[in-house]
Amino acid sequence: MCFIFRFKIWRLFENRIKVPVCLWSSPGIDNDMWKLCRATCRCLSQSKCLRFYTTHCGFGTGCPDTSSSDEGVPDSKVVELSVGSVRGRRQCGLYGDAFYSFEGIPFAKPPLGELRFVASRPADAWRNQELDARQEKPVPLQVDRQTGKVIGSEDCLYLNVYTKHFDETRPPLPVMVYIYGGGFRTGGALRSKYGPDYLMTKEVVYVVFNYRLCSLGFLSLPSRESNVPGNAGLHDQLMALKWVNQHIRNFNGDPQNITLFGESAGAASVHFMMCLPEAKCLFHKAIMMSGSMLSPWVETPDRQNLFCRLAIAAGYQGPQEEASMLEFLRSVAAEKLLGHEFFTARERCFGFLYPFVPGAATTEDGLIRSSYPQLMKEAWSGQIPLLLGGTSFEGLVFYPFCKLDNGYMLDLLKHEPEMVLPHELYHSMSNEERLKASDELVKHHYGPRGITKNNVTQILDLFSYKLFWHGMHRVVLSRLSQAQAPTYLYRFDFDSPKWNLMRNNLCGDDIKRGVCHADDLGYVFRKKYQKKLPLDSAEYLTIQRMVSILTTFARTGDPNCPETGPDQWAPVTAKYPFKVLNIGQNVECVTQIEKDGLEVWNRIYNSRKVAE
């Protein structure tokens, strides 16, 4: 069967498709073809085999040699915008797919001087000169997690656009705008983390942009006179979305078909955009991966006093006056405003990770003017489809915190198990209520022995719910009661020994199994140093599944595609709120494995009648 089908592919290419000779003569091409046929005959239809081969080997795309000179050659492309022209380049992805890249385009003024801490403003035009958009800009200023050194630039409000083609004889392409995660503390529009190669196997436009982080993006001051109500980073996101709506047509994108997607803090940002009236109609579909505004790390205690603590930590020695402190904070070197650890181990037990995150405005003219549950009730986005999900062991991301100071945080939880409760419940319950509710949670996650340091995976399982899954479940329940458009739920459960990059990075040899928070990103974006996978590998197939699911949803609002398998993936309903597509070695529609645990968490919330 494989030999016959392989022969048919060859005849089809020979008779109907002009294939560059250099591709046929490339080392390993024929071997890759044989591997693909052999693999797909086991698990895919013949039509899929042909589609995978023609798309992902780049046949018919005519990828140019991007090493050629810039002037007058196909790898250079100029796009005219109302603010000026930008010069990009034509490139080939990892699997031979051609696309165009435009990197380092300003969408807002540099947030320097008096613009530090405040809402972003549109970038100045450059009409009398051509902008070279062939190299990405630095990430926002931040402390690098690996080295502990400050990297990036305060002048950071730039975006990258990647588009499949400029064929105006065909309909414009669906647009996918990505918001990166990193706890609102790290991240950036980097190809080394969020490379376009996999998404550019499909006919889409992909946009990724920088937004301000840490105190530079989320510092707030309490008085109206200071004009620093907070959430400058969210204002950056709004400004980028407005830019996309205004200019994406020039990159062959459809401004009437924009999908906003993000992971972790990026997913929480998507959630904010879904609820803020300022973002209404700026996008038409949403994807939230492993996060929501209801996650505890999107809150911070004692928010109103953080500006004072920051000023003192940065070296301020003047009077305890808001105006004087703001003047100092605006003039001090930006590097001194980063990396301050204001949270103790006790606060981390409640899920507070970093102090500078989005929050309710300190003045009445701020961006967020209601509680998060109230924002969800009033959300404008009930009319747009949502794709929502997470990984099967989100809590592994908390492992480094559990190791700090010889597991001191675990000692705290063992001594006061009530701290397993969400912060708002802990402070609203009586002592008796706390004991009863925390006992139910501990018994579910630990069993009758209670919390011990012997099996850290059990506390990490609890944090999977506390930091991620229960917040996402509350989003599902809110959508079921408020939204008219469908909500699709997925669970990423593909466990690879080498390709689950976040688990390998955070847990090392201590924990070698489990799908960690952000492990799914390696199957959506090409990471630095990633090489070609064998076309018959499970990892390559998982890339195809994830990319097809996301891009199909972006195109149609329905994620069902050949890669989701024969079962119809239905939206969640009031009767079946745990109906999920499980993406593992196989893909199947099942009842979510976390169902029992989520119902325990629901009972605790419902006992306090917490508004959804």
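The exercises below work through confidence, one helix and one cavity in a predicted model. Residues are numbered from 1 along each chain as its sequence is written, and side-chain values use heavy atoms, with hydrogens and water left out. Local features need pLDDT of at least 70 and side-chain atom pairs count only at pLDDT 80 or more, while totals for chains, interfaces and linings use all residues.

**Exercise 1.** Find which elements have the lowest and the highest mean pLDDT.

*Solution.* Begin with the whole protein chain, where the mean pLDDT (the predictor's confidence in each residue, from 0 to 100) is 88, and 87% of residues reach 70 or more. Then go to the elements (DSSP runs numbered from the N terminus, helices being H or I of at least four residues and strands E of at least two): helix H2, residues 21–24, has the lowest mean, 32, and strand E8, residues 173–179, the highest, 99.

**Exercise 2.** Determine which residues of helix H9 are buried, and which helices they pack against.

*Solution.* In H9, residues 306–313, those buried (under 20% relative accessible area with a 1.4 Å probe, protein chains only) are Leu306, Phe307, Cys308, Leu310 and Ala311. Next, look at their partners, which are helix H6 (214–218) and helix H10 (322–331). Finally, follow the chain beyond H9 to Gly315, whose phi is positive, near 110°.

**Exercise 3.** Identify the residues that line the largest cavity.

*Solution.* The lining consists of Phe218, Leu219, Ser220, Arg303, Leu306, Phe307, Pro355, Phe356 and Val357, where lining residues have an atom within 4 Å of a point on a 1 Å grid over the protein atoms alone, and a cavity is a set of such points where a 1.4 Å probe fits but cannot get out.

Conventions: Buried < 20%, exposed > 50% of the residue type's maximum accessible area, 1.4 Å probe, protein only. Contact = heavy atoms within 4.5 Å. 1 Å grid on protein atoms, 1.4 Å probe; cavity = no way out; pocket = protein on both sides within 12 Å on 5 of 7 lines; lining within 4 Å.
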